[in-house]
Structure formats: structure tokens, C-alpha cells
Amino acid sequence: MINKDVAAMLNDQITNEFHAGYLYLSMAAQAEDMNLPGLANWFYVQHQEEHTHAMNIFKYLTEQGVKISLKEIKAPKVTWESPVEMAKDGLKHEELVTATFHKIMDAAHAARDYASIAFMNWYINEQVEEEAAAKDLIRKFEMAENRSALLFIDAELAQRVFAPALPVKATPVQLA
Ligand code: OFO
């Protein structure tokens, strides 16, 4: 049986994941406005991934007999001056998510909630990838010294496709 405090924290994490998706969607809008469709694509994919992250927790809690209580998703930032500024905000956000998962993991360990520990292991690993991806984006944009270099990077980012590496459990909630 899931620990009550862990369940409450995971319940809130559903909203945090949706907020992350909302933030990346807002970044996609900014990238579109900057005429960088590749970067916009990168953020659209990120937005879809965050949706699956949220729904995977939703499903886990439901399976544990928890009644989900969705919270308000706060409005994201809407304006950035440059791609590198967006990438830096993305990293900041991912570091926050990592810290939150560590807190929930601490609570699960304290409560000997082994099922939740096993469930969250995937997220702990995923956050390493999320932070690495954000750092890579920052490095790329910091290296771009002119518009041609920027467009070269943009073309590379256009190649990203949505292919979530989620546990099998999440399959039914993947977006079409
Ligand atoms: Fe859900 O990984 Fe990013 O926030």
C-alpha cells in the first residue's frame, strides 16, 4: 500500500509535469516567433514527453487506489530574448524537478514505500538525461556566433522526434 505522504507528493508532481510541458510549449511559441522551427520542434517534443511523465504518475497513483486531485497549472513565462536564455531556463527548471523527485524519493525511503521507490527510479534516471539535454542545448547555442550557425543548429534540432522511453505501463497514455 502506498504511503499517504508519498501519494500526496506524487499527486502534486502530476501538476509539476504538466507545468513543465506548458513551459516548453511556451518556449516553442517563442521559437516560432524567432523563425526557428527546428528549436520549436525540439520544444514540442519536450512538451509531449512531459505529458507522458505526468500521465505515467497519474496511472501509477490510480493503480495504487489513490484518488487524483489535480491542481492549478500556473502560467509559464512567455518571452525570452534568445535561444540560449530559453535553454538556460529549461535547465533551471529541470534542476528543480530533479530536486523535487529527490525529496519524494527521500519520503518514500523513510516510509519504506518500496513500490514507489521502484516506480520513481525511472524518473531519477530520466532527470539525468533531461539535465544533460538542456546543457547540450545551452552549449550549442553558446557556440553559435552568427545567424548561419544558428540556422545550422536549428536544422539539427528539427530532426528530434517524439519517442518516449517510458515504462510499458505508460503506453496507453502516449499522444497520437
Ligand atoms: Fe518531466 O522531465 Fe522535464 O521536467
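A helix here is a DSSP run of at least four residues, with helices numbered from the N terminus. With that in hand, here's a quick tour of this predicted model. The largest share of the lining of its largest pocket, six residues, comes from helix H3. H3 also gives the most to the lining of the largest cavity, with four residues, so keep an eye on that helix as you read.

**The largest pocket**

- There's about 250 Å³ of space in the largest pocket.
- It takes 16 residues to line this pocket, and Asn-16, His-19, Lys-74, His-93 and Leu-96 are the ones nearest its centre.
- Two elements, H1 and H3, give two or more residues each to the pocket lining.
- Sorted by class, the pocket lining has five nonpolar, six polar and five charged residues.

**The cavity inside**

- Rolling a probe the size of a water molecule over the atoms shows where empty space is left.
- How many cavities of 30 Å³ or more does the count give? The count comes to one.
- The largest cavity holds about 60 Å³ of space.
- Its lining is made up of Tyr-24, Trp-42, Phe-43, Gln-46, Met-86, Ala-87, Gly-90, Glu-94, Glu-130, Ala-134 and Leu-137.
- Helix H2 (37–63), helix H3 (83–110) and helix H4 (114–143) each bring at least two residues to that lining.
- Of the residues lining the cavity, seven are nonpolar, two are polar and two are charged.

**How H1 and H3 pack**

- Two packed helices are described by the angle between their axes and the distance between the axes.
- For helix H1 (residues 4–33) and H3, the axes come within 11 Å and cross at roughly 170 degrees.
- Angles over 145 degrees count as roughly antiparallel, and therefore H1 and H3 are roughly antiparallel to each other.
- Where H1 and H3 touch, the residues split into 14 nonpolar, seven polar and four charged.

**Aromatic rings**

- The model has six aromatic pairs by the counting rule used here.
- Take Tyr-24 and Phe-43: their ring centres are 6.1 Å apart and their planes sit at 20 degrees, so this pair is stacked.
- This pair ties together distant parts of the chain, with Tyr-24 in helix H1 and Phe-43 in helix H2, 19 residues apart.
- Are these two residues buried or exposed? Buried means under 20% relative accessible area, so Tyr-24 counts as buried at 3%, and Phe-43 counts as buried at 1%.
- Phe-43 pairs up with Trp-42 as well: the ring centres are 5.6 Å apart and the planes are at 90 degrees, so that pair is edge-to-face.
- Trp-42 is buried, just as Phe-43 is.
- Tyr-24, Trp-42 and Phe-43 are also among the residues that line the largest cavity.
- Elsewhere, ring pairs join Tyr-60, Phe-101, Phe-119, Trp-122 and Tyr-123 into a cluster.

**One more residue in H3**

- Leu-91 is found in helix H3.
- With a relative accessibility of 12%, Leu-91 counts as buried.
- Which residue is 41 residues from Leu-91 in sequence and 8.5 Å from Leu-91 in space, C-alpha to C-alpha? That's Ala-132.

How values were computed
Residues numbered from 1 in each chain as written. Predicted model: local features only at pLDDT ≥ 70, side-chain atom pairs only at ≥ 80, totals over all residues. Heavy atoms only, no water. 1 Å grid on protein atoms, 1.4 Å probe; cavity = no way out; pocket = protein on both sides within 12 Å on 5 of 7 lines; lining within 4 Å. Points joined across faces, edges and corners; volume = space filled by probe spheres on them. Nonpolar A, V, L, I, M, F, W, Y, C, P; charged D, E, K, R; others polar. Axes fitted to C-alpha atoms, helices over the stretch in contact; angles between N-to-C directions. Parallel < 35°, antiparallel > 145°, perpendicular 65-115°, else oblique. Phe/Tyr/Trp six-rings, centres within 6.5 Å; stacked < 30°, edge-to-face > 60°. Buried < 20%, exposed > 50% of the residue type's maximum accessible area, 1.4 Å probe, protein only.
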